[in-house]
Amino acid sequence: MKLIIATIKPFKLEEVREALTNVGVRGMMVSEIKGFGSQSGHTEIYRGAEYAVNFVPKVKLEIVVQDSMAEQVVSTIATTAKTEKIGDGKIFVLDVESALRVRTGETNDDAL
């Protein structure tokens with residue numbers, strides 16, 4: 001099993017969710033986060049005053065899939081979330097040692 005962690009722009013969330021559902025993803029966790037990468041934040045003007053925004057709003061997706069689906073899920077996220085502008089996000093893939101569905105006691109692939 002693989003854990004895919006992706007950070008994307010918030011306005012892309014619904015589009016990415018629909019694309020992942022279409023390729024067979026049955027669940028995911030979503031968190032609203034703030035962070036910065038190579039863009040290092042930006043400046044904005046509010047009521048005539050300029051101020052620095054050091055952390056940019058992002059959405060973090062956490063998805064656990066079978067090994068055989070990981071490449072397709074990463075590809076789907078990458079193509080759907082891409083705007084070709086700075087700050088499109090990052091995707092990380094990690095190995096998952098085990099999984100347990102609390103309600104039924106199912107483990108590993110059956111728990112997904």
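This report describes the sheet, the two helices packed on it, the nonpolar core and two residues with unusual backbone angles.

The structure is a predicted model, and the description begins with its sheet. Four strands form an open sheet in the order S2-S5-S1-S6, and their pairing is antiparallel. At the edges stand strand S2 (29-35) and strand S6 (90-95), each of which pairs on one side only. Averaged over neighbouring strands and with direction ignored, the turn of one strand against the next is 20°.

Strand S1 has S5 and S6 as its partners, and the antiparallel pair of S1 and S5 is joined by seven bridges, while six bridges link S1 to S6, again in antiparallel fashion. Such pairing rests on backbone hydrogen bonds between the strands of a sheet. Individual partners can be followed along S1: Lys-2 lies opposite Val-65 of S5, Ala-6 has Ile-91 of S6 as its bridge partner, and Thr-7 faces Lys-60 of S5. Six of the seven residues of S1 are buried, and S1 is therefore largely enclosed by the rest of the structure.

Both helices pack on this sheet. Helix H1 touches S1, S2 and S5, and its direction makes about 10° with that of S5. Helix H2, for its part, touches S1, S5 and S6, with a direction that makes about 5° with that of S1.

The helices also meet each other, for the axes of H1 (residues 13-22) and H2 (residues 67-81) come within 9 Å and cross at roughly 150°, in a crossing that is right-handed. On the side of H1 the contact is made by Glu-15, Val-16, Ala-19 and Leu-20, and on the side of H2 by Val-73, Thr-76, Ile-77, Thr-80 and Ala-81. Sorted by character, the residues of this contact comprise six nonpolar, two polar and one charged.

Where do the residues of the largest nonpolar core come from, if one counts the elements that each supply at least two? They are strand S1 (2-8), H1, strand S5 (56-65) and H2. This core holds 15 residues, and those with the most contacts inside it are Ile-63, Val-73 and Ile-77. H2 contributes the largest share, namely five residues. Val-73, which also belongs to the contact between the helices, is in contact with Ile-4, Leu-20, Val-25, Ile-63 and Val-65 when its neighbours within four places in sequence are left aside.

Away from these elements, two residues that are not glycine have a positive phi, Glu-84 and Asn-108. Glu-84 is placed in the loop between H2 and S6, whereas Asn-108 lies in the segment after S6. The table sets their values side by side.

| Residue | Phi | Relative accessible area |
|---|---|---|
| Glu-84 | near 65° | 68% |
| Asn-108 | about 50° | 32% |

Why is Glu-84 counted as exposed? Its relative accessibility is 68%, and exposed residues are those over 50%, so Glu-84 falls in that class. Asn-108, at 32%, is partly exposed, because this class lies between the limit of 20% for buried residues and that of 50% for exposed ones.

Conventions
Residues are numbered from 1 along each chain as its sequence is written. This is a predicted model: local features need pLDDT of at least 70, side-chain atom pairs count only at pLDDT 80 or more; totals for chains, interfaces and linings use all residues. Side-chain values use heavy atoms; hydrogens and water are left out. Axes are lines fitted to C-alpha atoms, for helices over the stretch in contact, and angles run from 0 to 180 degrees between N-to-C directions. A crossing is left-handed if the near helix is turned anticlockwise from the far one by less than a right angle, and right-handed if clockwise. Contact means heavy atoms within 4.5 Å. Ala, Val, Leu, Ile, Met, Phe, Trp, Tyr, Cys and Pro count as nonpolar, Asp, Glu, Lys and Arg as charged, and the others, Gly among them, as polar. A nonpolar core is a set of buried Ala, Val, Leu, Ile, Met, Phe, Trp, Tyr and Cys residues joined through side-chain atoms within 4.5 Å. Buried means under 20% relative accessible area, exposed over 50%, partly exposed in between (1.4 Å probe, protein chains only). Two strands pair if DSSP finds at least two bridges between them.
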